[in-house]
Each structure stands twice: as structure tokens, then as C-alpha cells.
Amino acid sequence: MQTNIQLSPNYAQCNCRVYLHGSIEDGAIPETTASENDFIQRQRSLKKDLITLNRYDTVIFHYFIKTEEPASKKLELCRKAGSLITGEANSLAITDIALICSMQFRDEVMALAEGMALGNYQFLKYRKDAAEKKNSLNNIFICCDGVAQAEVNQLKAVVDATLWARDLVNEPVNKLNAEQLAESISERMREAGGKAEVLNKNKIEALKMGGLLSVNLGSIDPPTFTILEWKPENAVNTQPYILVGKGVVYDTGGMSLKPSASMDTMKCDMAGGALVSAAISAIATARLPIYVMALIPATDNRPDGNAYVPGDIISMFDGTTVEVLNTDAEGRLILADALAYAKKFNPKLVINFATLTGSASRAIGPQGIVAMQVNATEEFASLNQSGDNVYERLVQFPMWDEYKEQLKSEIADLKNIGGPEGGAITAGKFLEHFTDYPFIHLDIAGPAFIERRDSYRGQGGTGIGVRLLFDFFNKLSR
Ligand code: BES
Ligand code: ZN
Ligand code: ZN
């Protein structure tokens, strides 16, 4: 369900065109009759930014960029306009669209194309009427002098990766268990030119990854631990950046069973694993000169005769003992093993992505990412800037040591839950225990999966985090 994006200086043959404008005063509106011009003026006086001229054999859109807004907001409005255009084009059975603007609007036209391509996403593979339901829009032609082929290639790589991450999230656990996830991730990484290794259950047992193994006890399927690597010869860094992603392919809560309604969307609990895999594969596809790794521990979390239970004391990969007081706080257990494992690579920075807590989701909803950092002030500022650029915004939460008090256990080194307040932070503090390097933790429980369509973010898996990471590493490698 990919939309082709390509540069094309010649758009005359395309009977659907989008013109991007700064303001109406910039000059005459191209391709318009006097009456159409009147119509545009009236629409503008009603504060409409997107105006459609439907001439039946040709459809022309005029989009007026909100030039007065700060860059981040302005580009987000372009993405949203792109998504609206995609919707209209599909309702008119249009297959090809040309985007036309002058050089000064090159960032805007790229954002608009991005919004169009992301907004054109569908997940139809399990529908008999897929052919009938499939969107008509196939090709986006960018006709703008300042845009280089390399930029279009990057846009394609990142859009592609985002949509692939959505696919993984939208696949239910009966179609994508931990082994199938690991297989799918590895295949994509190798196709992109990177390395992939999957540690199987024997290996995970040999390594004594007690967090991952305990969560997996109730499962009928074995766990996996996937290691991805992109290490180009011209890398700007020698110590790797390591991405860690939660790969809980389904979270029932385990013996601390979730109420039915909270379980409905829990196929999304591997969104962190999906997005870090998608991001590193996009980085490889785009050949960014940066040394990056990704670690994805994966299993489902279910009750069973052999499942771990509240009260169990488990030994983690690094030897820490944990008193499990809620089997639904499973993400931090599998991630703790991955974070401790990351130490052996002497990372420059580790960034963790997880649908970790309902607390994060309740705090800020789907509009942003709850973020924490330890010893990574500068990197955090840069990631935060990327968040604004791509509109996957971060909200920094504190990592004050007082929160760690809540994790004290009488009989083990730690317990796996804190009190009823500040749950996203106590989860972050739990993770911090297993790190000894600059660390950023991002809780995506709010934005990873949305039940109703939100513009180009679509419905279901959003693929959040892929564009964020690509922007961050792209800046870093320049
Ligand atoms: N996967 C959930 C968190 C989640 C909630 C993700 C909503 C997406 C949307 C996580 O494993 C979980 O269940 N966390 C518990 C932790 C609690 C038991 C300390 C939670 O947040 O309720
Ligand atoms: Zn859980
Ligand atoms: Zn979970």
C-alpha cells in the first residue's frame, strides 16, 4: 500500500495538481479563470487554506501555507493538508497528483507530500473486499526546483519505514508472535543492507535473561531477542548509539489479568520494537554514516499453569533480583535485560522506546511522548528539537531519585511496581537501575495506537518514533 513519490519537472500531463502558495498577494493564482479567482478570494476571506477547483476532467487544489506560524507548526499544517488532499483525491478516484511550488517552499512541499503518503495508508490484508477498498492514489510528483533527488529518497525511506512499523503493530498476535516478529524484522534489516541476529530461547536461557524468561513462562511460544546493527565504514561515531524497543507481541497482563476493555488494543505492545527496527532499517536504506544498533526483546504476556505470579522473585540478566508484584508491569522486566545487555557494547547513548505505562498515556494522551533522560542533556535537547521538526513531540518528566523509594522491596533488590502516583516515572526509574550510560527513555503508550483516525497518523498503529529517530540521526550524521 505504498504511494510512489518522485521528482518530476513536467506536470502538464497530470490532471490533478496542487499549488502551494505563500499568500494570495504573492501574485496571480496560476491556471484560474476570473470566476475561479473570485471563488478563491471568497474562500480565502472565510479563512480556508485548502481550496479545491473541481473541473471534472482536471482537479486543482490551492493550498495556502500558514507562513506566519513557527516552522514546526507550519510544516505540520502542510502534512495535515496533504492528508486532506489524499482523502479528496481518493474520493474522486484520482491516481496521480503533481505538487507545484517555487523553490522557497521546498520544505513545505516535502511536508505536504509526507502527509499525503502517510495519510494514504491502509491495512486491508485481511479483507475480502481489499481490491475494492484500495485507495486510488498511487503517484505523487514533486515539481519544485529546490528539491534534490537525495531528499526525495530519504523521504521515501522514512515514509516506507513508518508504514511498515504500522503494519507490524496492526498485525494481531495470532499472525505475529515473537518468532514471527523477529523474522520479519531481521528480513527487513538484511534487505536494507544491515546485520540481524536473533537469539533463540536456548541462547536467552544461557544468558540468564530472567526478566524476558519470566514474562515468557505463561506463553505457548518461545521468546526472542533480536540484535540489529548498522555499522558503515564512514560512521561519524565509534561507540554505537543503541535503540531498545519493547516487543511484547500481546499483553494480557498475565496473572494480574487486565480487564477485557484494556486488553482490546494490546497487540500494540510491540510498537517500540517495531519502530526502532523500522528506524534503523530506514537509516541503513538511506546509508546514513552513523553506527547504530537495536535490541528488541520479544514475547507475549499471558496467564497459564506455568506463568509467573505476583510474589515471585526473579533474577535478571545483570543479577539484580526483582520481586514481581504485578505481572502486568512486564515491559520493564524484558527491557531491563536488554538495557543491561547493552552495556557490553559501551554505547554512546541508549534510547529506549516502549508502550510502558497507562500512566504516561493518561498524563498527556496521544499528542506526545513522555520522555526522561539520565546524563544525556545535550542529546535530549537535540532529540527534542527533532520532535518539534517532525511533530512527534516530547514532554520531559523528572527523574528525581525520590521516585526510586517506591521501588524498594523488603526481600529483593527491587520490586517491579511503585505506588499509584507517577507511574510513568517509577517505570523510568526501574529501567535506569539497569543502565550505566547516557540514557533516554520514551514512553509511547499514548500515541502508539489510536482508535480513531487522526489525519495522516491514520487509525490503529501510528508508526510514531520512526520519523523522530530518522530526523535525529540525520542531523547527527551531518
Ligand atoms: N502495556 C502496558 C501499558 C499500556 C497501557 C500500553 C495503555 C498502551 C496503552 C503495560 O505493560 C502495563 O500494563 N503497565 C501497567 C503497569 C502497572 C501494573 C504498574 C499500567 O500502566 O497499568
Ligand atoms: Zn502490562
Ligand atoms: Zn505491556
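1. **Cysteines.** C16 is buried, at a relative accessible area of 0%. This is a predicted model, and a search of the whole of it turns up zero disulfides. For C16 the reason is distance: its closest cysteine sulfur belongs to C14 and lies 6.6 Å away, too far for a bond. A disulfide would need the two sulfur atoms within 2.5 Å.

2. **C143.** This cysteine also has C14 as the owner of its closest cysteine sulfur. The gap is 7.6 Å, so a bond is ruled out here too because the sulfurs are too far apart. C143 counts as buried, with 7% relative accessibility.

3. **Zinc site, donors.** Look next at the zinc ion (ligand 2). Its protein donors come from D251, D328 and E330. D251 gives an OD atom and E330 an OE atom. D328 appears twice, through O and through OD. These donors lie 2.0 to 2.2 Å from the ion. Along the chain, the donor spacing reads D-x76-D-x1-E.

4. **Zinc site, geometry.** Six donor atoms surround the zinc ion (ligand 2). Their angles run from 71 to 168°, and the arrangement is therefore irregular. For reference, ideal angles for six octahedral donors are 90 or 180 degrees.

5. **A second zinc.** The zinc ion (ligand 3) sits 3.2 Å from the zinc ion (ligand 2). D251 coordinates both ions.

6. **Exposure of the donors.** How buried or exposed are D328 and E330? D328 counts as partly exposed, because its relative accessibility is 21%. The cut-off for buried is under 20%. E330 counts as buried, at 1% relative accessibility.

7. **Domains.** The chain is divided into domain 1, residues 4-147, and domain 2, residues 157-476. Taken over C-alpha atoms, the domain centres are 36 Å apart.

8. **Domain interface.** On the domain 1 side, 15 residues are in contact with 19 residues of domain 2. An interface's size is often given as the accessible area lost when the parts come together. Here domain 1 and domain 2 bury about 1,600 Å² between them. Carbon and sulfur atoms carry 57% of that area.

9. **Salt bridges.** How many salt bridges are there between domain 1 and domain 2? The count is three. In the structure, the side chains of R457 and E76 meet in a salt bridge, with an N to O distance of 3.3 Å.

Technical notes. Residues are numbered from 1 along each chain as its sequence is written. Chains are lettered from A and ligands numbered from 1 in the order in which they are written. This is a predicted model: local features need pLDDT of at least 70, side-chain atom pairs count only at pLDDT 80 or more; totals for chains, interfaces and linings use all residues. Side-chain values use heavy atoms; hydrogens and water are left out. Buried means under 20% relative accessible area, exposed over 50%, partly exposed in between (1.4 Å probe, protein chains only). Donors are N, O and S atoms within 2.8 Å of the metal (3.2 Å for Na, K and Ca); water is not among the atoms, so sites may look incomplete. Four donors count as tetrahedral if all angles lie between 85 and 135 degrees; four count as square planar and six as octahedral if opposite donors are over 155 degrees apart and all others between 65 and 115; anything else is irregular. Domain bounds come from an automatic or database domain assignment. Contact means heavy atoms within 4.5 Å. Buried area is the accessible area (1.4 Å probe) that two parts lose on being put together, summed over both. A salt bridge is a side-chain nitrogen of Lys or Arg within 4 Å of a carboxyl oxygen of Asp or Glu.
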